[in-house]
Amino acid sequence: MNVENGCSQAGIGAPPGWIEADRLAALLRYGILDTSPEPEFDNITRVAALICKAPMAVVNLVADTRQFFKSEIGLGVREMPLDVSICARAILEPEILVVPDLADDRRFDCNPLVTGSPHLRFYAGARLDTPEGLPLGTVCVLDYQPRPEGLTSEQQEVLRALARQTMAHLELKGTIEARDLLTRELSHRIKNVFSVVSGLASASARDRDARAFVTAFRGRIGALARAHDYVLPGSFSARNERESTVRGLLKVLLHPYDEDRRRIRITGDDLPLGQSAATTLALILHEQATNAIKYGALSNAEGRVLVDCRNGGESFEIAWEEQGGPPTAGPPLATGFGTTMVSSAIDSLGGTITAEWAAQGLQVTLSVPVRCLAG
C-alpha cells in the first residue's frame with residue numbers, strides 16, 4: 001500500500017503483524033464496500049461529530065485503490081482515491097492518530113485536500129480492527145481549522161469506542177448474512193423433501209382405495225410448504241407482508257381456497273409469527289379450510305368464512321365462523337385422523353380449541369399463548 005509521505009509521496013509498508021493482502025481479503029469478506037447508507041453507521045458519525053465538535057465525521061474503509069465512506073457528515077462524497085487518503089496512513093498507527101495541524105505535518109503538508117479544497121487542517125481517526133487485528137479503516141473527524149490542543153482524553157476514548165461499535169455492527173451484519181444464507185440453503189432442501197414426499201404420495205394414488213387419503217395428505221404437505229416459504233427470511237410472501245405475522249400467514253394459506261378474494265374475510269389484530277408456530281398453525285387452518293370445502297360453508301356457492309383475530313395480551317384468538325353453508329349435523333360421531341392431528345398440533349402450541357355446531361354454521365375458536373406464537 002502506497003500512501004503520501006510529504007512531497008516525496010514515498011511508499012510505506014505495513015507494520016509488523018499483518019500484511020496488506022490479508023487486510024484486503026478481510027475487508028472483502030465483510031461485504032461492506034459500495035453498500036448504501038445505514039442508520040447504524042450514520043448514528044456513529046453523528047455521535048463522533050457531536051462529541052468532537054467537528055464539522056466532518058466519517059466511517060471509512062480503506063480498499064486497494066480508494067477509500068469508501070460507509071457514512072459521512074460534511075464531505076458530500078462516498079469515496080476518494082487512496083493517494084489522497086489520510087486514513088490510509090492512520091491505519092498504520094496503533095489505535096488512534098491525531099494530527100493537530102495537517103498543514104504543519106510533513107506527512108500531509110502536500111496532500112491536495114490540505115493545500116487545496118476543502119483545505120483540511122485537523123484530523124483524528126481511530127482504527128477499525130477485526131478480531132484478528134487487521135485494520136479495515138477508521139472512524140475519523142476532520143476540521144477546517146487546526147486544533148493545537150488535539151482531542152481531550154474523553155473525546156479520544158469516545159472515538160475508540162465508536163470504532164469498536166462500528167466493528168460490532170460489521171460483525172453482526174456478517175453473522176446475519178451467514179445465517180440467512182444457511183437458512184435459504186436449508187429451506188431449499190426442505191422444499192425438495194416436500195416435493196419428494198408429494199411425488200411419492202402421487203405415485204400411491206394409483207391405488208384406488210388410497211386416493212382419498214393421498215389427496216388429503218398432499219393437501220397437508222402443500223400447506224406446510226406454503227407456511228415454510230412464508231416465514232423464510234427474505235421470501236417473496238414475507239417481504240410483501242413486511243414481516244411474518246399471523247394474518248400474513250392466513251392470507252397466504254387461505255388464498256387457494258378463495259381465489260376471487262370474496263368468500264373468506266380476515267379481520268382483527270395481528271402478531272409476529274415464528275417458523276415453528278407457523279407450520280403448526282398451517283396444519284390446523286388447512287384442516288379447517290379442507291373441511292369447509294368438503295362439508296361446510298365453502299362447499300356451495302353462497303357460503304362464506306369469517307376469520308377474526310383477537311390479541312388479548314397473554315393469549316391470541318383466531319375465531320373461524322362459517323356462514324351460508326349447508327345445515328350442520330352436529331359433532332362427528334367418530335374421531336378421524338384430521339381431528340387427532342389438530343388436537344396434537346394445538347397441544348404442541350400450549351393452546352385450546354373449541355367448536356360449536358351452530359345452526360348458521362360451524363364456529364371454531366383457537367386460543368394460543370402469545371409467547372408460543374413467536375417460536
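Q: With which residue does glutamate 157 form a salt bridge?
A: Keep in mind that this is a predicted model. Glutamate 157 is partly exposed, with a relative accessible area of 39%. In its salt bridge the closest N and O atoms are 3.3 Å apart. The partner of glutamate 157 is arginine 164.

Q: Is arginine 66 buried or exposed?
A: Let's compare a value with a cut-off. A residue counts as buried when its relative accessible area is under 20%. The relative accessibility of arginine 66 is 18%, so arginine 66 is buried.

Q: How many residues apart in sequence are the parts that arginine 66 and aspartate 34 tie together?
A: These two residues form a salt bridge, with 2.9 Å between the closest N and O atoms. Arginine 66 belongs to strand β2 (residues 66-73), while aspartate 34 sits in the loop between α1 (20-29) and α2 (39-52). The pair therefore links parts of the chain whose separation in sequence is 32 residues.

Q: Which residues are joined into one network by salt bridges that share partners?
A: The structure has 14 salt bridges. One of them pairs arginine 147 with aspartate 143, at 3.1 Å from N to O, and both of these residues are buried. Where salt bridges share partners, they build one network, made of Asp34, Arg66 and Glu79.

Q: Which strand gives the most residues to the largest nonpolar core?
A: Here is a helpful general idea: in soluble globular proteins, nonpolar side chains tend to be buried together. The largest nonpolar core in this model has 55 residues, and Tyr123, Val139, Val141 and Leu159 touch the most other members. The top contribution, six residues, comes from residues 56-62, which make up strand β1.

Q: How many residues are in the second, separate core?
A: We can look at some members to find our way around. Among them are Leu254, Tyr257, Ala278 and Ala292. The size of this second core is 36 residues.

Q: Leaving aside neighbours within four places in sequence, which residues is threonine 280 in contact with?
A: Start with its place in the fold: threonine 280 is in helix α9 (residues 275-294). With a relative accessible area of 12%, threonine 280 is buried, since the cut-off for that word is under 20%. Once neighbours within four places are set aside, the contacts of threonine 280 are Ala345, Ser348 and Leu349.

Methods. Residues numbered from 1 in each chain as written. Predicted model: local features only at pLDDT ≥ 70, side-chain atom pairs only at ≥ 80, totals over all residues. Heavy atoms only, no water. Core = buried A, V, L, I, M, F, W, Y, C linked by side-chain atoms within 4.5 Å. Buried < 20%, exposed > 50% of the residue type's maximum accessible area, 1.4 Å probe, protein only. Helix = DSSP H or I, 4+ residues; strand = E, 2+ residues; numbered from the N terminus. Contact = heavy atoms within 4.5 Å. Salt bridge = Lys/Arg side-chain N within 4 Å of Asp/Glu carboxyl O.
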